Amino acid sequence: MSILTRRRLLRDAALSATATAGAGLSAAAGGAGLAAATGVLTAGCDSPPGGDPTAGPAPDRLRFPRDFGWGAATSAYQIEGAAKEDGRGESVWDTFSHTPGRTRNGDTGDVAADHYHRWADDLDLMRDLGLGSYRFSVSWPRIQADGTGKPNQRGLDFYKRLVDGLHERGIAPMVTLFHWDLPQALQDAGGWENRDTVHRFADYADAVFRGLGDRVPVWLTVNEPKTVVQNGYLWGHHAPGRQDPDAAYLVAHHLQLAHGLAVRALRATGHDTRIGPALNLHPCYPADDSPAAAAAAKLHDGYENRLYLDPIFTGAYPADVLAHLGPDSRMVRAIRDGDLATIATPVDLLAVQYYTPLYLTGDRNTVTRWPTSEADWQQIYPQGMYDILTRVTRDYGPVPITVTENGLPCPDTLGPDGTVDDAGRIAFLRDHFTAAHRAIADGVPLESYHVWSLLDNFEWAEGYDQRWGLVYVDYPTQRRIPKASAHWYRQVIRDNGL
């Protein structure tokens with residue numbers, strides 16, 4: 001990769017990462033409805049947040065298909081705690097969060113929501129909510145302290161208890177193999193820049209498959225590879241905290257290759273279970289009617305979506321993205337014969353995670369059109385859920401889809417009566433469920449929906465300042481208090497609709 005290409009990618013990453021209320025809005029001020037007209041709004045959570053004003057009122061009653069699955073999602077480092085117990089090794093997130101200045105308030109996942117010790121009570125909470133599915137992740141360093149070798153039986157036993165407990169309560173486990181907690185020992189050896197890490201991941205996946213057997217009906221391979229690439233290697237907001245675009249897209253290829261090898265490892269066990277990737281997809285729209293904005297949106301879509309979807313479902317990386325990276329990029333040079341066939345090993349389903357749309361001006365700047373949540377990168381636009389689900393089905397065929405993350409952070413507090421009134425989260429979820437229902441009606445084979453998140457938790461670089469859970473966690477006592485949204489969601493599940 002040339003110095004000029006490197007500088008351009010870093011510039012593009014910086015523009016995307018810092019585009020907030022005032023960034024680039026003048027370039028798109030002519031676009032209808034742009035926040036430039038009134039300034040960017042922040043949607044409060046004590047009242048229904050702003051959404052798509054063109055969507056119209058929701059129908060009085062919406063029923064989902066009879067076998068539709070309702071669930072919630074978490075990840076290991078965000079909730080488990082017990083960072084040094086029962087043979088768990090150090091992960092990149094242990095290192096990152098303990099580095100001064102990396103996380104808000106210096107928060108770490110050392111204790112998090114203490115799920116490692118409170119798992120049985122948390123499973124009872126899920127049962128009381130009526131969840132049919134629970135998506136969680138396995139901590140790689142809990143299974144292999146240094147990312148290699150014989151699996152740690154104490155770590156496997158924890159997840160066996162969890163899986164068995166879910167079955168006892170009538171809840172289907174959905175297990176993610178990698179949700180960003182790479183063993184630090186592998187990072188010290190080059191991390192995802194090192195092709196050997198791909199093979200270490202395949203070995204780890206095989207150990208987990210054989211350790212948990214066919215008690216897991218659905219496996220997810222790599223969670224949001226794009227977030228590792230962008231936040232971990234372009235912007236430096238996440239572990240390992242790099243700002244190196246040449247490394248970033250090499251990491252993208254290796255994460256995709258790890259996904260493919262994990263699929264093959266599951267097939268080799270003979271287990272009759274399903275597997276697929278978990279991708280966060282951002283619909284990309286032109287910010288105005290100019291040809292330049294349309295071209296910018298298409299290329300941005302290549303980096304945001306097609307770079308991850310195309311190789312899995314078509315066996316090729318998008319040509320426009322490869323051309324933009326250039327032939328001397330580390331990623332392009334790292335693609336070996338057979339890699340794309342491995343990545344394209346057939347999957348059983350696609351996990352889609354939707355949070356926000358992106359709007360591009362002709363100079364590839366991102367602008368904000370809709371109200372944002374407490375997470376200033378998240379624009380609240382339910383129509384984007386419909387658009388991304390229908391787009392996947394249109395472009396890649398009728399692959400079964402599960403939504404594995406969608407949610408909203410709110411400044412939740414306990415009221416005088418000991419309850420949490422998060423009306424804005426209820427409105428957000430209702431609007432997105434409605435958009436998903438429309439997608440199903442228009443032919444999308446959507447099987448299930450998992451709200452992010454079951455519990456308030458360690459929100460990566462934001463520490464404990466953002467609360468995304470259906471259940472409030474009082475961190476000093478670890479007491480769990482279902483929020484108003486949890487009670488509302490219980491009724492949605494009972495009714496199988498809105």
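Which residue with a positive phi follows H9? In this predicted model, Gly 236 comes after H9, and its phi sits near 80 degrees. Helix H9 itself covers residues 225-234, and ten of its ten residues are buried, so the helix is largely enclosed by the rest of the structure. The buried set takes in polar and charged positions along with nonpolar ones: Lys 226, Thr 227, Gln 230 and Asn 231 are among them, as are Val 228, Val 229 and Leu 234.

Helix H4 also hands over to a glycine with positive phi, in this case Gly 130, with a value near 85 degrees. What sets the geometry of H4 apart is its span: the helix runs over residues 115-129, and a straight helix of 15 residues would reach 21 Å, yet the end C-alpha atoms of H4 are only 17 Å apart. There is a kink in H4 too, of about 40 degrees and centred on Asp 121. Right beside that residue in the numbering, Asp 122 is buried, and so are His 115, Tyr 116, Trp 119, Leu 123, Leu 125, Met 126 and Leu 129.

Turning to the strands, S11 (residues 446-452) has six of its seven residues buried, so it is largely enclosed by the rest of the structure. It has parallel partners in S1 and S10. Strand S1 (residues 69-73) is joined to S11 by five bridges, with Gly 71 partnered by His 450. Strand S10 (residues 401-405) contributes three bridges to S11, and here Thr 402 is matched with Ser 448. The link from S10 to S11 goes by way of helix H16 (residues 423-441), and the three elements make a right-handed β-α-β unit.

Strand S5 (residues 274-280) is mostly covered as well, with six of its seven residues buried. It pairs in the parallel sense with S4 (residues 218-223) over four bridges, one pair being Leu 220 and Gly 276. S5 also pairs with S7 (residues 350-353), again parallel, this time over three bridges; Asn 280 of that pairing stands opposite Gln 353.

As for packing, nonpolar side chains in soluble globular proteins tend to be buried together. The largest nonpolar core in the model holds 133 residues, and Leu 389 and Phe 433 have the most contacts inside it. Helix H10 (residues 245-269) gives the most to this core, supplying 13 residues. There is also a second, separate core of six residues, including Met 174, Val 218, Leu 220 and Leu 349. Leu 220 thus turns up both in that smaller set and as the bridge partner of Gly 276.

Back in the main core, Phe 433 has plenty of aromatic company. Leaving aside residues up to four places away in sequence, it touches Phe 64, Trp 70, Tyr 449, Trp 488 and Tyr 489, together with Val 451, Val 492 and Leu 498. Two of these neighbours, Phe 64 and Val 492, are touched by Gly 497 too, with the sequence neighbours again left out; the other contacts of Gly 497 are Leu 62 and Arg 63. Gly 497 lies in the segment after helix H17 (484-495). Is this glycine buried or exposed? With a relative accessible area of 2%, Gly 497 is buried, because the cut-off for that class is under 20%. Its C-alpha atom is 9.7 Å from that of Arg 430, a residue 67 places away along the chain.

Technical notes
Residues numbered from 1 in each chain as written. Predicted model: local features only at pLDDT ≥ 70, side-chain atom pairs only at ≥ 80, totals over all residues. Heavy atoms only, no water. Helix = DSSP H or I, 4+ residues; strand = E, 2+ residues; numbered from the N terminus. Buried < 20%, exposed > 50% of the residue type's maximum accessible area, 1.4 Å probe, protein only. Contact = heavy atoms within 4.5 Å. Expected span 1.5 Å × (residues − 1). Bend = angle between axes of the 7 residues up to and from the residue. Pairing = 2+ DSSP bridges. Core = buried A, V, L, I, M, F, W, Y, C linked by side-chain atoms within 4.5 Å. Right-handed = clockwise from strand over helix to strand, strands pointing away.
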